[in-house]
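Me: I'd like to go through a protein model with you and ask why its features carry the labels they do. Could you take me from the values to the conclusions?

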Amino acid sequence: MKHFQAPLGDEVLTLKAGEMVTLSGTVYTARDEAHLKIMEEGFPFDPKGAVIYHCGPVVFDNRIVVAGPTTSARMNRLTRFMLDAGIRGIIGKGGMSSEVREQLKGRAVYFAFTGGCANLAAARMRLTGVHYPDLGMAEAVWVIELDKLPLTVAMDAHGGDLFAAVERNAHFRVCIQPVRPAYET
């Protein structure tokens with residue numbers, strides 16, 4: 001398993017969809033409202049090589065209690081400006097659009113983290129700061145230090161896309177070999 005350190009450089013562009021990696025270093029949470037505020041006011045951190053985690057963590061007593069991913073597709077239309085600014089990695093769940101897949105080419109990757117594993121994520125995180133606390137806990141941009149968070153490369157910088165491959169395969173199988181319900185046997 002390959003290990004990467006954020007901020008990321010060109011080495012991340014060699015990854016292929018389906019590879020398992022671990023990631024350490026600084027990441028920034030950002031959901032819908034944070035994306036919009038960054039678009040309006042600019043980045044409160046250096047975006048070059050940065051990693052965005054689509055997450056609204058639960059923070060209590062200055063520590064992360066749980067930090068599961070949120071559905072990344074909500075940020076499809078808000079991703080291009082992030083990539084244009086130099087973001088090299090996005091972490092989330094559920095995949096992103098074919099437009100984002102094209103936007104990633106030659107410049108960034110999308111990492112999938114399994115939904116429902118918020119405690120595992122929090123165990124590999126240390127809170128180091130916050131931007132835009134006025135947006136509330138879920139929407140603020142939390143600055144987090146990761147320690148070997150396990151991730152899957154779901155969309156690579158070459159157009160590879162695990163989610164699209166699964167969808168194609170599922171449609172192919174349904175069209176070619178219809179599944180009969182158990183009660184019809």
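Reply: Happy to; what follows is a set of questions and answers about this predicted model.

Me: Let's start with the rings. What makes the pair Phe-43 and Phe-45 edge-to-face?

Reply: Two values settle that. The ring centres of Phe-43 and Phe-45 are 5.5 Å apart, and a pair needs centres within 6.5 Å. Their planes stand at 80°, and over 60 degrees counts as edge-to-face, so the pair Phe-43 and Phe-45 gets that name.

Me: And why is the pair Phe-43 and Phe-81 called tilted?

Reply: The distance qualifies here too: 6.0 Å centre to centre, with the limit at 6.5 Å. The angle between the planes is 40°. Stacked would need under 30 degrees and edge-to-face over 60, so the rest are tilted. Phe-43 sits in the loop between helix H1 and strand E3, and Phe-81 in helix H2, so this pair ties together parts that are 38 residues apart in sequence.

Me: How many aromatic pairs are there in the whole structure, and which residues form the cluster?

Reply: The search finds three pairs. Tyr-28, Phe-43, Phe-45 and Phe-81 form one aromatic cluster.

Me: How do you know whether Phe-43 and Phe-45 are buried, exposed or partly exposed?

Reply: By relative accessible area. Phe-45 has 10%, and buried means under 20%, so Phe-45 is buried. Phe-43 has 24%, which falls between the 20% and 50% cut-offs, so Phe-43 counts as partly exposed.

Me: On to charges. What makes Arg-101 and Asp-161 a salt bridge?

Reply: Their closest N and O atoms are 2.8 Å apart, and the criterion is a side-chain nitrogen of Lys or Arg within 4 Å of a carboxyl oxygen of Asp or Glu, so the label fits. The pair links distant parts of the chain: Arg-101 belongs to helix H3, while Asp-161 is in the loop between E9 and helix H5, 60 residues apart. Both Arg-101 and Asp-161 are buried; for Arg-101 the relative accessibility is 18%. Arg-101 also touches Met-155, Gly-159 and Ala-164.

Me: Why does the pair Glu-41 and Lys-37 count as a salt bridge?

Reply: The closest N and O atoms of Glu-41 and Lys-37 are 3.8 Å apart, and the cut-off is 4 Å, so the pair qualifies. Both lie in helix H1, four residues apart, about one turn of the helix. Glu-41 is exposed at 51%, whereas Lys-37 is buried at 15%.

Me: Which other salt bridge links distant parts of the chain?

Reply: One of them is Asp-84 with Arg-107, with 2.8 Å between the closest N and O atoms. Asp-84 lies in helix H2 and Arg-107 in the loop between H3 and strand E7, 23 residues apart. The structure holds nine salt bridges.

Me: Last, the backbone. What makes Asp-61 and Tyr-132 worth listing?

Reply: Most residues other than glycine have a negative phi. Asp-61 has a positive phi, near 55°, and Tyr-132 has one near 60°. Asp-61 is in the loop between strands E4 and E5 and is exposed at 65%. Tyr-132 is in the loop between strands E8 and E9 and is buried at 11%.

Me: And which peptide bond is cis?

Reply: The bond from Ala-6 to Pro-7, with omega near 5°. Pro-7 is found in the loop between strand E1 and strand E2.

Key: Residues are numbered from 1 along each chain as its sequence is written. This is a predicted model: local features need pLDDT of at least 70, side-chain atom pairs count only at pLDDT 80 or more; totals for chains, interfaces and linings use all residues. Side-chain values use heavy atoms; hydrogens and water are left out. Buried means under 20% relative accessible area, exposed over 50%, partly exposed in between (1.4 Å probe, protein chains only). Helices (H or I, at least four residues) and strands (E, at least two) are DSSP runs, numbered from the N terminus. Contact means heavy atoms within 4.5 Å. Lists of a residue's contacts leave out its neighbours within four places in sequence.
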